[in-house]
Amino acid sequence: MFLLPCSALALLLLTCLALEPPPRRPPPSNPAFRRFQREFLLGYLPALAADWLQGPLLFRLLQSRGFLRSQIAALYSCGFASNVAFGLVSSAFVDRLGRKMSCVLSSGLCSVSCLLQLSRDFLALAAGRVLAGLGTSLLFSAFESWYVHEHLEHHDFPAEWIPDTFSRVALWNSGLAVAAGLVAELVAEGLVLGPVAPFLVAVPFLVLSGIFAGKNWDENYGKKRPCGKACGEGLRGLVSDPRALLLGLVQALVESILLVFAFLWTPVLEPHGIPLGIAFSGFTAASAVGSALFRRGVSGRLRLQPLRLLPGSVLLLALALLLLALPLYPAGDFLAVLVLQLSCGIYFPAMAFLRHRLERGGDAAGGARWLRLPLGLGLALALPALPGDPTGTRRLFGAAALAALVALGAAGGVLGTTRGDEGLRVGDEGLLEGDTGE
């Protein structure tokens with residue numbers, strides 16, 4: 001089973017390169033902007049690389065410590081719960097603490113989490129997962145908000161230049177994700193430390209990110225709102241607009257499904273002898289292909305709309321989960337996982353576009369977090385009690401497929417309630433700043 005993931009990875013990378021649409025406009029040549037952009041990338045990309053390095057071998061690491069499947073599920077649940085709960089207030093927290101300080105704090109929390117993976121004590125490992133959940137939440141809320149504020153307020157660069165930076169981040173992030181799986185496999189097999197090695201390799205990247213941001217970036221702050229007020233604004237926006245409610249339901253369901261997948265993919269593929277690091281690189285390459293398909297679809301001659309691509313991506317997700325619920329050959333399981341990741345590559349930019357356009361002027365993710373909270377916490381509580389045998393795992397994928405069908409119905413509701421809304425369409429000018437988070 002070594003040839004299959006390697007061949008799939010090579011094919012997906014070639015497909016991604018072929019699909020990537022050419023830039024719509026030449027990149028800015030302003031030297032001051034280029035220096036500022038480089039300064040941001042040097043602080044942000046090491047943190048992203050470290051985050052990816054922690055993904056491929058976590059389950060194998062906990063398994064090597066001698067923990068039962070239910071105990072491993074409990075450790076995963078600690079990370080899920082801390083990420084979901086803190087996500088409700090993370091934006092307000094970052095705005096009050098300071099965005100640069102939040103970036104440094106993210107690197108520090110993730111570094112301690114990686115070092116705790118050396119322990120064989122269950123409580124120490126649980127603390128590590130909690131810190132990882134907090135640090136990851138800060139990673140995806142602090143860095144980009146720091147950049148946007150500095151770009152617009154401090155340097156007074158045109159807003160039209162922001163997509164150039166985030167498209168570079170997206171390109172580098174895809175490359176780092178693919179490389180992380182290969183590096184994780186290499187160091188785990190080549191070093192005597194085994195599956196803990198990628199976590200130790202991640203620490204220097206996190207230290208580099210934290211030190212660079214702390215020494216070279218200026219501090220900036222957002223609106224210093226009380227956390228309760230920020231949460232209340234998100235909840236009011238959710239209940240006042242049925243479209244936002246439906247979109248939030250889609251997001252909460254899909255992201256809860258992906259939390260289940262993050263736990264289950266190793267037990268599904270490892271018995272087949274598929275190298276986990278190479279498989280992980282294949283997943284991320286498939287996701288990159290999906291993102292390239294999205295950009296090609298909305299920017300090319302087809303002029304596909306995110307409003308229609310969102311239900312399509314959720315349907316593809318449901319089909320992949322249904323395939324994983326069936327007792328397939330090893331190659332079938334691996335290909336189903338690739339289809340799942342391809343659907344994610346289409347889903348995330350489509351969701352980001354619609355969320356940004358629909359909830360413009362407020363906290364674009366605040367409402368969805370209220371729906372994500374009970375689903376995520378409920379999942380974290382239930383995960384350790386779920387069956388761990390192969391038949392039980394297949395049934396879990398079947399249940400996830402049913403949840404994806406519910407999300408598909410909600411996505412169809414978004415399409416029906418927003419029909420004719422020109423604000424939710426990509427115009428002749430293409431994707432605008434902030435539309436997809438890139």
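**Figure 1. The largest nonpolar core of the predicted model.** In this predicted model, the largest nonpolar core is made up of 97 residues. Tyr76, Leu321 and Leu340 are the residues with the most contacts inside this core. Helix α11, spanning residues 242–269, is the element that gives the most to the core, contributing 15 residues. Apart from this core lies another of 28 residues, including Phe143, Tyr147, Ile162 and Phe166. In soluble globular proteins, nonpolar side chains tend to be buried together.

**Figure 2. Surroundings of Tyr76.** Tyr76 is one of the residues with the most contacts inside the largest nonpolar core. With neighbours within four places in sequence left aside, Tyr76 is in contact with Leu58, Phe59 and Leu62, with Ala262 and Phe263, and with Leu383.

**Figure 3. The chain as a whole.** The secondary structure consists of 16 helices and zero strands. The chain has 438 residues, of which 53% count as buried. Among contacts with a separation of 6 or more, 86% are between residues 24 or more positions apart.

**Figure 4. The second largest pocket.** The space in the second largest pocket comes to about 240 Å³. Its lining is formed by Leu253, Ser256, Ile257, Val260, Leu375, Leu379, Ala382, Leu386, Leu396, Ala399, Ala400 and Ala403. Three elements give two or more residues each to this lining: α11, α15 (366–382) and α16 (390–417). Sorted by class, the lining residues are 11 nonpolar, one polar and no charged. Helix α11 is also the element that gives the most residues to the largest nonpolar core.

**Figure 5. Two positions in helix α14.** Gln341 is located in helix α14, which covers residues 330–358. Gln341 counts as buried because its relative accessible area, 13%, is under 20%. Beyond its neighbours within four places in sequence, Gln341 is in contact with Phe261, Phe283, Ala286 and Ser287. Leu354 also lies in helix α14. The relative accessible area of Leu354 is 2%, so Leu354 is buried. In sequence Leu354 and Leu307 are 47 residues apart, while their C-alpha atoms are 7.1 Å apart in space.

**Figure 6. The loop between α8 and α9.** This loop joins α8 (162–190) to α9 (197–216) and holds Leu193. Pro195 is found in the loop between α8 and α9 as well. Leu193 has a relative accessibility of 43% and therefore counts as partly exposed. Pro195, at 15% relative accessibility, counts as buried; the cut-off for buried is under 20%. The C-alpha atoms of Leu193 and Leu118 are separated by 9.4 Å, with these positions 75 residues apart along the chain. For Pro195 and Leu62, 133 residues apart along the chain, the C-alpha separation is 8.9 Å. Neighbours within four places in sequence aside, Pro195 is in contact with Leu57, Arg60, Leu61, Ser64 and Ala188. Leu62 is also one of the contacts of Tyr76.

**Figure 7. Asp156 and its backbone.** Asp156 sits in the loop between α7 (122–154) and α8. Although Asp156 is not a glycine, its phi is positive, at about 60°. Most residues other than glycine have a negative phi. With a relative accessible area of 63%, Asp156 lies over the 50% cut-off and is therefore exposed.

**Figure 8. Helix α5 and the residue after it.** Helix α5 covers residues 90–97, and Ser90, Ser91, Ala92, Val94 and Asp95 are buried in this helix. Just after α5, Gly98 takes a positive phi of about 115°.

**Figure 9. Cys16 and Cys78.** The structure holds zero disulfides. Cys16 has a relative accessible area of 16% and so is buried. Cys78 is partly exposed, because its relative accessible area of 25% falls between the cut-offs of 20% and 50%.

Conventions. Residues numbered from 1 in each chain as written. Predicted model: local features only at pLDDT ≥ 70, side-chain atom pairs only at ≥ 80, totals over all residues. Heavy atoms only, no water. Core = buried A, V, L, I, M, F, W, Y, C linked by side-chain atoms within 4.5 Å. Buried < 20%, exposed > 50% of the residue type's maximum accessible area, 1.4 Å probe, protein only. Helix = DSSP H or I, 4+ residues; strand = E, 2+ residues; numbered from the N terminus. Contact = heavy atoms within 4.5 Å. 1 Å grid on protein atoms, 1.4 Å probe; cavity = no way out; pocket = protein on both sides within 12 Å on 5 of 7 lines; lining within 4 Å. Points joined across faces, edges and corners; volume = space filled by probe spheres on them. Nonpolar A, V, L, I, M, F, W, Y, C, P; charged D, E, K, R; others polar. Disulfide = S-S within 2.5 Å.
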